Amino acid sequence: MGVTRTPLIAGNWKMNLDHLQAVALVQKLHWSLKDAAHEADSVDVTVFPPFTDLRSVQTLLDADKIPFGLGAQDLSTHDSGAYTGEISGEFLAKLNCGSVIIGHSERREYHAEDDAVVAAKVAQALKHALVPVICVGETSEDLEKFGASAVPVAQLEKALESASATSEIVVAYEPVWAIGSGQAATPEQAQEVCQKLRDVIREKLGEDAAERTRVLYGGSVKSGNIAAFMREPDIDGALVGGGSLKVDEFSAIIRYQKHVGV
Ligand code: PGA
């Protein structure tokens with residue numbers, strides 16, 4: 001009965017790698033996975049380069065038929081107009097972007113994006129047929145005050161306001177204290193929250209959506225800990241920051257199925 005969710009390993013490059021470096025990394029990553037074709041086939045890989053790299057990476061993926069998804073790290077709440085510096089979902093869709101990260105804690109913190117902005121961005125992504133990768137997570141203060149799941153659950157409830165039962169979305173649970181800190185959540189902690197996030201999807205969008213939607217864990221994911229996260233029933237992949245910037249490390253994360261015991 002249960003739907004099989006294809007694992008998704010997503011690389012969020014943040015403000016790293018110019019377009020030449022991005023192209024070089026994608027090429028090397030593709031080569032490094034070729035000898036493991038059948039393992040890589042059972043895992044979806046998506047890269048999220050900076051805006052200025054998107055066109056170059058898209059051209060390379062098309063020309064060399066590299067089976068990686070392409071995504072952007074943010075989008076505007078508007079379609080077009082006098083919004084200096086912003087990028088619309090329409091432009092991203094034209095570049096064959098399939099998805100877009102929304103509500104990353106770095107956007108929430110440094111660009112004052114609140115839940116209303118996140119919900120508006122989710123609506124824009126869906127309008128332009130981009131899969132929103134909705135990031136939620138608690139700070140260390142939230143963790144002390146409310147426990148691990150209260151804040152991410154509330155964030156997701158608000159982010160899903162414009163989604164419907166048929167919307168394709170991805171949810172990423174990223175505890176803020178685990179991002180870039182080298183201190184990942186334990187697989188058990190992450191599983192507990194991811195299960196609650198799936199419950200939110202079930203309540204808001206129905207059983208089918210809950211079964212089909214991929215819920216990722218993010219925050220200090222490395223080749224040494226990915227397999228343990230992927231053993232958890234409600235963790236369907238990872239959103240990887242630092243670990244996605246080096247070919248060997250990202251390649252090893254993508255090939256987690258080869259790690260002992262998975
Ligand atoms: P990290 O970042 O893997 O470097 O902790 C994850 C993220 O911010 O998505």
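Start by selecting C135 and showing its sulfur. The closest cysteine sulfur belongs to C194 and sits 12 Å away, too far for a bond. Now select C194 and look back: for its sulfur, the closest cysteine sulfur is the one in C135, again at 12 Å and too far for a bond. A disulfide is a pair of cysteine sulfur atoms within 2.5 Å. A search of the whole structure finds zero disulfides.

Before moving on, a word about what is on your screen. This is a predicted model, in which local features need pLDDT of at least 70 and side-chain atom pairs count only at pLDDT 80 or more, while totals for chains, interfaces and linings use all residues. Residues are numbered from 1 along each chain as its sequence is written, and side-chain values use heavy atoms, with hydrogens and water left out.

Are these two cysteines buried or exposed? C135 is buried, with a relative accessible area of 1%, and C194 is buried too, at 0%. Here, buried means under 20% relative accessible area, exposed means over 50%, and partly exposed is in between (1.4 Å probe, protein chains only).

**Next stop: the ligand**

Select the ligand and the residues around it. You should find 13 residues surrounding the ligand, and the closest are K14, H104, E174, G180 and S220. A residue counts as near a molecule or strand if one of its heavy atoms lies within 4 Å of it.

Zoom in on K14: an N or O atom in its side chain is 2.7 Å from an oxygen atom of the ligand. At S220, look at the backbone instead, where a polar atom is 2.7 Å from a ligand oxygen. G241 also takes part through its backbone, with an N or O atom 2.8 Å from an oxygen of the ligand. How much of the ligand does the protein cover? On its own the ligand has 280 Å² of accessible area, and the protein covers 94% of that. Such areas come from the Shrake-Rupley method with a 1.4 Å probe; for residues, only the protein chains shown count as cover.

Try colouring the shell by residue type. The shell divides into four nonpolar, seven polar and two charged residues. In this scheme Ala, Val, Leu, Ile, Met, Phe, Trp, Tyr, Cys and Pro are nonpolar, Asp, Glu, Lys and Arg are charged, and the others, Gly among them, are polar.

**Aromatic rings**

A search of the whole structure finds two aromatic pairs. Rings of Phe, Tyr and Trp (its six-membered ring) pair if their centres lie within 6.5 Å; planes under 30 degrees apart count as stacked, over 60 as edge-to-face and the rest as tilted. Select Y217 and F229: they form a stacked pair, 4.3 Å centre to centre, with 15 degrees between the planes. Y217 lies in strand β7 (residues 214-218) and F229 in helix α11 (residues 226-230), so the pair ties together parts that are 12 residues apart in sequence. Helices (H or I, at least four residues) and strands (E, at least two) are DSSP runs, numbered from the N terminus.

Both Y217 and F229 are buried. Add Y173 to your selection, and you have the cluster that ring pairs build from Y173, Y217 and F229.

**Charged side chains**

Move to R198, in helix α9 (residues 187-205). R198 counts as buried, at 3% relative accessibility. Show D234 as well: a polar contact of 2.6 Å joins the side chains of R198 and D234. A polar contact is a pair of N or O atoms within 3.5 Å; within protein, one must be able to donate a hydrogen and the other to accept it, and residues adjacent in sequence count only if both atoms are side-chain atoms.

Now select E113, in the loop between α5 (105-110) and α6 (115-127). E113 is buried, with a relative accessible area of 6%. Which side chains does E113 contact? The side chain of R107 makes a polar contact of 3.0 Å with that of E113, and the side chain of K121 makes one of 2.8 Å.

**Last stop: two backbone turns to check**

Pick L17, in the loop between β1 (8-12) and α1 (19-34). L17 is not a glycine, yet its phi is positive, about 75 degrees. Then find N96, in the loop between α4 (89-94) and β4 (99-102). N96 also has a positive phi, near 65 degrees, in a residue other than glycine. With a relative accessible area of 47%, N96 is partly exposed.
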